[in-house]
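Please take a moment with the sequence and the model below. The paragraphs that follow go from the whole chain to a few chosen places.

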Amino acid sequence: MNRLSPDGGFDGNGNSESLATPLLLPQRSLTNSTSQVALVGANVCPIESLDYEIAENDVFKQDWRSRGKKQMFQYLFMKWSLCFLVGLIVSLIGFFNNLAVENIAGLKFVVTSNMMLAGRSKMAFFVFSASNMILTLFACLITAFIAPAAAGSGIPEVVGSITAVSASLVVGKAGPMVHTGACVASLLSQGGSKKYGLTWKWLRFFKNDRDRRDLVTCGSAAGIAAAFRAPVGGVLFALEEMASWWRSALLWRSFFATAVVAIVLRALIDVCLSGKCGLFGKGGLIMFDVYSANITYHLADIPSVLLLGVMGGILGSFYNFLLEKVLRVYNYINEKGTVYKILLACLISLFTSCLLFGVPWLGTCQPCPPDALEACPTIGRSGNYKKFQCSSGHYNDLASLIFNTNDDAIRNLFSRNTDSEFHASSVLVFFLICCVLSILSYGIVAPVGLFVPVIVTGASYGRFVGMLFGSRPHSSLNHGLYAVLGAASFLGGSMRMTVSLCVILLELTNNLLLLPLIMLVLLISKTVADAFNGNIYDLIMKAKGLPYLEAHAEPYMRQLTVADVLSGPLWTFHGVEKVGTIIHVLRITRHNGFPIVDERSEDDSRVLSGLILRAHLIVLLKRKDAFMSTPVERGGGGAEFSAADFAKRGSGNGDTIDDLQISAEEMEMYVDLRPFTNASPYTVVETMSLAKALVLFRQLGLRHLLVIPKISNRSPVVGILTRHDFMSEHVLGLHPLLFRSRWKRLRLRLPRTLSIF
């Protein structure tokens, strides 16, 4: 491989005077690759695929043959049981997360409003800004010092998300809930723990990356279901955006997990409706259920819906552009250290508090409508009519949107029969504030999400467009419905999802009659936005340098073969290898897979016997049971080992080469690697196009893809492909001339796409 690819069998750190063979391939310098692809994003971090492929060696085959009906039943039972536990735990976390946000933020707004009623405006601002600062600081500290990468149990993620959202930052809790669901699933799939005495034999079946990946996918789907009470939308979100590998069995289990979430949340919501969840426990999860009434629309309404879709695509792509630029600046600041991260978050919190408290003073006071469905003005709770600085019997429409939680602001915007409650200028100001604050708030060192900020921004944009069109006879497209469609168009323009977003919005609004209109604006907004840039998640992953493989290959990849992206040398082992040789190669490389090449006794030709993983080599070296004094193959076939010996441990608990203690005498011994070698690794011929190899690599969920020669008189393997070899940073670094043609094609995308309309 290359210096960006620590997972294959290549290395340029010298040769080994042993049986291990470094196959020399053409060296290609990547010195100028960073400058050539500076527009693409940050340097790619050394994250690699997991071992999803089953290593079909003798040990695995023996373990599979020994499994009876009882073991198979245990395996299936535990799969479904863990999915149930994931759904149950994530639903409880989502409910209490929402409940905590509603009560903490609600209490803060009540205290501030009471001070405003008493004429103590300066003290109200101090309390408001100080509470926001404390909550933001707590979220930053718990993230920076306890879970810098939001890794681990997910508890820091939950607590940090609660305080960040409660601090009036324009952020959401859906993203952290997805990650929390994945964390819960990852913990449950660790396969037990000797440290805590959880070594039940049933759990041993899940000590592999394949089952952990499936359960983590179920956890992410459950996270979306818990955030929006959208079980079907959660499954589709995991399918469309989260998972890069899918199968029908996974669809059933993820649907089961989200169904558990929906049932548990429904039961807990009934408890809250009885008044047992505090003063503000009735909001949040049930706030979007505002369109259960019938609606009608006609052909004359379609032009305005089309305009919403086109404008949503343009605004969504521009939103992504600005967010990417801000994240680049934040990355530069965050690299300076933790203190700078916390200072940045505190400055954003102070700026947010000043805007949210100061801008409503510019709003006008309106008399309370006589036919209002709730108390006006709203005092001591959430609602559409915030009094703020107005006199008795009046409300501030701008404060009703700004001086509120994001969830309550969305509910106010989505509300029907409220066409006269908000001025167009107030909605426009709120839209601009949401855009600015959501972009500035996302990159701080706290667990925050983008889903809710994009919804509230799009809802304000849609309601403003509805006000410009005005109400027309024989149409139910009121301002609240325009807000729903605006949220859909902005989501489509920013996140570029279609099916999952459509279903989530339908589940939020509880009205299937909105399906045609939401489908239309999503398709149009996504098509328009794709002409300008990528979706927000891809841009963020590029900025972070995450080596994510797209589902489609770039056009220039069809001009290249897999041999064009290989570099060397390639390290291989013999079937019977010297212990000292294995130790030496493992120390000078960071690769996770090594081909096994043997020689035939009949004609001395070399053949590819398979692939062995670094983790399996370390197990063999640590156990020492397979050591031999002479390089003669034994007939045991690895009988001293079982599949449990090679089972993958929990996150961060694997042994490394530095943990081994090998004596000088043992360094001269030998190991028969063939019983532990995957005898059927996936291979491609060196003349295969890079685009075709990418599709194969991604759809099969591979970590290593061996490249074999086209002619037989060469070495049986000429290289190994990992995900880093398919990344644009690597390919364009090797072939810089393709970089110019790529951007030339990108410049031609806009006229072609707009010609559709």
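How many helices and strands does the protein have? The model, which is predicted, has 25 helices and 12 strands. The protein has 757 residues, and 55% of them count as buried. Now consider contacts between residues at least 6 apart in sequence. Of these, 79% join residues at least 24 apart.

Start with a single residue. Thr 112 sits in helix α3, which covers residues 69-117. Is Thr 112 buried or exposed? Its relative accessibility is 0%. Buried means under 20%, so Thr 112 counts as buried. What does Thr 112 touch, leaving aside its neighbours within four places in sequence? The contacts are Ala 124, Phe 128, Phe 357 and Phe 403.

Move on to a sheet. It is open and has 3 strands, in the order β5-β9-β8. The pairing is antiparallel. Which strands lie at the edges? They are β5, residues 576-578, and β8, residues 627-628. Each of these edge strands pairs on one side only.

Look at one of the pairings in detail. Strand β9 spans residues 670-672 and pairs with β8 over 2 bridges. The sense of this pairing is antiparallel. Here Phe 627 stands opposite Val 671 in β9.

A helix accompanies the sheet. Helix α20 lies across β5, β8 and β9. Its direction is at about 75° to β5.

Helix α20 also has a helix partner. It covers residues 579-588 and packs with helix α21, residues 614-623. The angle between α20 and α21 is about 135°, and their axes are 11 Å apart. How should that angle be described? Angles over 145 degrees would count as roughly antiparallel, and those from 65 to 115 as roughly perpendicular. The angle of about 135° fits neither range, and α20 and α21 are therefore oblique to each other. Their crossing is left-handed.

Which residues make this contact? From α20 come Val 579, Ile 582, Ile 583 and Leu 586. From α21 come Arg 614, Leu 617, Ile 618 and Leu 621. By type, the residues of the contact divide into 7 nonpolar, no polar and 1 charged. Arg counts as charged, so Arg 614 of α21 is the charged one.

To retrace the last part, α20 lies across the strands β5, β8 and β9 and packs with α21.

How values were computed
Residues numbered from 1 in each chain as written. Predicted model: local features only at pLDDT ≥ 70, side-chain atom pairs only at ≥ 80, totals over all residues. Heavy atoms only, no water. Axes fitted to C-alpha atoms, helices over the stretch in contact; angles between N-to-C directions. Helix = DSSP H or I, 4+ residues; strand = E, 2+ residues; numbered from the N terminus. Parallel < 35°, antiparallel > 145°, perpendicular 65-115°, else oblique. Left-handed = near helix turned anticlockwise from the far one by under 90°. Contact = heavy atoms within 4.5 Å. Pairing = 2+ DSSP bridges. Buried < 20%, exposed > 50% of the residue type's maximum accessible area, 1.4 Å probe, protein only.
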